[in-house]
Amino acid sequence: MVKAVIFDLDGTLVDSAPDIQASVNVMLEEEGLAPLDLPTTIKFIGNGLPTLVERVMAARNIEEVEFDRIHARVLAIYNASNSDKSVVYDGVLDTLKHLKEQGFTLAVCTNKPVEPARHVLDGLGLASFFEAVIGGDSLPVRKPDPKPLLAAMGDVQKSDVLYVGDSEVDADTASNAGVTFALFTEGYRKSAVDEISHDVAFSHWSELLDAAGLRRSKG
């Protein structure tokens, strides 16, 4: 029986790509370089901010020696933003409210650095739902290594955990951790749905509770 539901953040709970794009493009403008379009930004999302910055730098021929400076600048710009371009996916709030009311343990496991992750959750009114937030810099490793997901689970047994994500990285993380995986198909995945390992797939958040058997009777 599922007792804990752990969620990815970007592309799963929140469509944050426009804010990420805006932050990257502020940096690129400062460097005198052409901006990235949204589809390209989305392709770069999923493996954490350091990898995203590496991909941006490669796309704009920024020398690798500049990584620390560019990474710090993008992080600072993003942290200073008010997340006004990010939106919660339709149906997320109702789903989280139901799960909380029914006593499920809820947590976030994302490759986004933990400070920006909390920034987004606070700004969009989601922070109070979660007992733990594990970010891409919370441990020495990031997803798809299973350790961040295992940390988000706490003392809950693997058989009692459902991980919800939108990408190949999330699918691999769930598999590596040995937990059930629900795939949100409308996020930032790069492959066809049938090419991504999953136990449950849903295209709208109103479908998750029934698809994953998460409805508990109030009796």
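**Cavity and parallel strands in a predicted model**

The structure, a predicted model, holds one cavity of 30 Å³ or more.

Student: How much space lies in the largest cavity?

Tutor: The search for cavities of 30 Å³ or more gives one. The space in the largest cavity comes to about 290 Å³.

Student: Which residues that line the largest cavity are the closest to its centre?

Tutor: The lining of the largest cavity is made of 25 residues. Helices α1 (17-30), α3 (49-59), α4 (67-80) and α8 are the elements that give two or more residues to this lining. The residues closest to the centre are Asp10, Ile20, Ile45, Gly46 and Lys112.

Student: How many residues of each class are in the lining of the largest cavity?

Tutor: The 25 lining residues fall into three classes, nonpolar, polar and charged. The counts are twelve nonpolar, seven polar and six charged.

Student: Are the residues on the two faces of β6 buried or exposed?

Tutor: Strand β6 covers residues 161-165, and five of its five residues are buried. One side carries Val161, Tyr163 and Gly165, and the other carries Leu162 and Val164. For both faces of β6 the answer is buried.

Student: Which residue in β6 is the bridge partner of Val5?

Tutor: Strand β1 (residues 4-7) runs parallel to β6, and four bridges join them. In β6, the partner of Val5 is Leu162.

Student: Which residue in β7 is the bridge partner of Tyr163?

Tutor: β6 is also joined by four bridges to strand β7 (residues 180-184), again in parallel. Helix α8 (residues 168-177) belongs with β6 and β7 to a right-handed β-α-β unit. α8 is also one of the elements that give two or more residues to the cavity lining. The partner of Tyr163 in β7 is Phe181.

Student: Which residue in β4 stands opposite Phe7?

Tutor: β1 and β4 pair in the parallel sense, over four bridges. Strand β4 takes in residues 105-109, and four of its five residues are buried. Opposite Phe7 stands Val108.

Student: Which residue in β5 stands opposite Cys109?

Tutor: Strand β5 spans residues 132-134 and runs parallel to β4, with three bridges between them. Across from Cys109 in β5 is Ile134.

Student: Which helix makes a right-handed β-α-β unit with β4 and β5?

Tutor: The two strands are parallel and joined by bridges. The helix that completes the unit spans residues 114-123. Its name is α6.

Key. Residues are numbered from 1 along each chain as its sequence is written. This is a predicted model: local features need pLDDT of at least 70, side-chain atom pairs count only at pLDDT 80 or more; totals for chains, interfaces and linings use all residues. Side-chain values use heavy atoms; hydrogens and water are left out. Buried means under 20% relative accessible area, exposed over 50%, partly exposed in between (1.4 Å probe, protein chains only). Two strands pair if DSSP finds at least two bridges between them. A crossover is right-handed if, with the strands pointing away from the viewer, the path from the first strand over the helix to the second runs clockwise. On a 1 Å grid over the protein atoms alone, a cavity is a set of points where a 1.4 Å probe fits but cannot get out, and a pocket is an open set with protein on both sides within 12 Å along at least five of seven lines; lining residues have an atom within 4 Å of a point. Grid points are joined across faces, edges and corners, and a volume is the space filled by probe spheres set on the points. Ala, Val, Leu, Ile, Met, Phe, Trp, Tyr, Cys and Pro count as nonpolar, Asp, Glu, Lys and Arg as charged, and the others, Gly among them, as polar.
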